[in-house]
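Trainee: Could we go through this structure together, with the reasoning behind each term spelled out?
Mentor: Gladly; have a look at it, and then begin with whichever term puzzles you.

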Amino acid sequence: MEPDERALGNAAATVEFEHVTKRYDAGENGPGAVNDLSFVVPAGKICVLVGPSGCGKTTSLKMVNRLIEPTAGRILIDGRDISTEDPIGLRRRIGYVIQQTGLFPHQTIGENIAVVPRLLGWPASRQRERAEELLGIVGLDAARYRDRYPSQLSGGERQRVGVARALAADPPLMLMDEPFGAVDPIVREHLQNELLRVQADLAKTILFVTHDIDEAIKMGDLVAVMQNGGRLAQFAPPAELLARPASEFVARFVGADRGLKRMSLMRVRDLPLHAAVTARPGDDAADALRRITADPFPYLLLVDRSGAPIGWFDEAEIPATGTLSADAAVSMSPLFAPETTLKDALSMLLDNEVQAGIAVDRGGRVLGLVTDGDIAAAARPDGPAARPDAGA
Ligand SMILES: Nc1ncnc2c1ncn2[C@@H]1O[C@H](COP(=O)(O)OP(=O)(O)OP(=O)(O)O)[C@@H](O)[C@H]1O
Ligand SMILES: [Mg+2]
């Protein structure tokens, strides 16, 4: 193996901020751009730094690859104080996507992506293969884009190239400063999903900066909310941030629609499901009627042999005698997969003008019922604890 290809297949890194302070103005008491910042990002997690403009996000990120040195405190990567490391060597092990993508205008896209592999002395063929592979990963056709120049790309395409470049040497740690800042909401959504998809396989440690709280909640396993003066207002998983904002500032920053945001983090599988009263075509109607009368929910769900739903019988429409027929069952409620978000589930109930949906497994078999009331209860801060699963 080439010694400089050791970077490939690296495990993710743990990053620790220990009482990190940065004052640009000299003097003990100058205003801090970053003030006593402490948190730990476990290996393989995405930590989002979010907060208003000027709160110290970029400064915090640049201290991790030593483009800026802290005034006090230390940063550890995998337990090692980075101030004892050679900054050049350190930077080669850290992927960095800067706020304005920063591609070299006179280099092709392929050359831009291979900057770090080139510095590491990889053979030219390996550099080229890696650039092509990464273009594929970020969803750009290698044959079309490899030999173009940055000015020949759209803003969104340039941002993908920026992400590909940061991934080039397979670094255990990525720093991303508003990587999707300069694109429209639809492209942004697409790039976010792509990064989450890639991350599901790569499991890098990523420090991701944004000033957009929705992006922070979507992308982060952990979110560090910063406020002016470079102070940490709260460090928590997104669901906890929404359920229990630590201060008035955080509550205002995450917004009045916290409940709705919580719904986009929670999934049908997080809810206790109601058992449905079911019957099969050909079953005795009188027996079905007895069972449904004993249940508080006045509907009977007809299912086929495999347990997949066919349709509903209203209690009032079940014949007193004879058998149940599939033809008499009325239209279906929306079907939810266990991974359907509560936000999507609620939207489907509203669109269908019904109050209950049917949760089904991969085989289409009924798991149970979900009502609009269940969803509303879950979205309340005192509802069942959300299990955040960003990236799933
Ligand atoms: N080189 C510098 N010299 C002096 N002050 C600086 C310097 N760089 C940044 N600052 C100040 O430090 C504070 C934090 O800046 P930083 O760039 O980290 O903010 P940010 O959170 O990334 O903001 P934005 O969301 O606008 O990118 C700001 O008040 C800024 O004016
Ligand atoms: Mg910034």
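Trainee: Why is S333 called buried or exposed, whichever of the two applies?
Mentor: S333 has a relative accessible area of 8%, and buried means under 20% while exposed means over 50%, with partly exposed in between, for a 1.4 Å probe and protein chains only, so S333 is called buried. Before we go on, keep in mind that this is a predicted model, in which local features need pLDDT of at least 70 and side-chain atom pairs count only at pLDDT 80 or more, whereas totals for chains, interfaces and linings use all residues. Residues are numbered from 1 along each chain as its sequence is written, chains are lettered from A and ligands numbered from 1 in the order in which they are written, and side-chain values use heavy atoms, leaving out hydrogens and water.

Trainee: What makes the pair S333 and W312 a polar contact?
Mentor: A polar contact is a pair of N or O atoms within 3.5 Å; within protein, one must be able to donate a hydrogen and the other to accept it, and residues adjacent in sequence count only if both atoms are side-chain atoms. The side chains of S333 and W312 are joined by such a contact at 2.6 Å, and a polar atom of the S333 side chain also lies 3.2 Å from the backbone oxygen of A356. S333 itself sits in the loop between β13 (309-314) and β14 (335-336).

Trainee: Which side chains have a polar atom close to an oxygen atom of ligand 1, and how do you know that from the distances?
Mentor: For S53 the distance to an oxygen atom of ligand 1 is 2.5 Å, and for K57 the distance is 2.7 Å. An N or O atom in the side chain of Y24 is 3.5 Å from a nitrogen atom of the ligand. Taken alone, ligand 1 exposes 640 Å², of which the protein buries 57%, the areas coming from the Shrake-Rupley method with a 1.4 Å probe.

Trainee: Why are β2 and β5 said to stand at the edges of their sheet?
Mentor: The open sheet has four strands in the order β2-β1-β4-β5, with antiparallel pairing. Because β2 (34-41) and β5 (80-81) each have a single partner strand, one side of each is left without a neighbour in the sheet. Strands are DSSP runs of E, at least two residues long, numbered from the N terminus, and two strands pair if DSSP finds at least two bridges between them.

Trainee: What makes β1 and β2 a pair?
Mentor: Five bridges join β1 (residues 15-22) to β2, and V15 has V41 as its bridge partner in β2.
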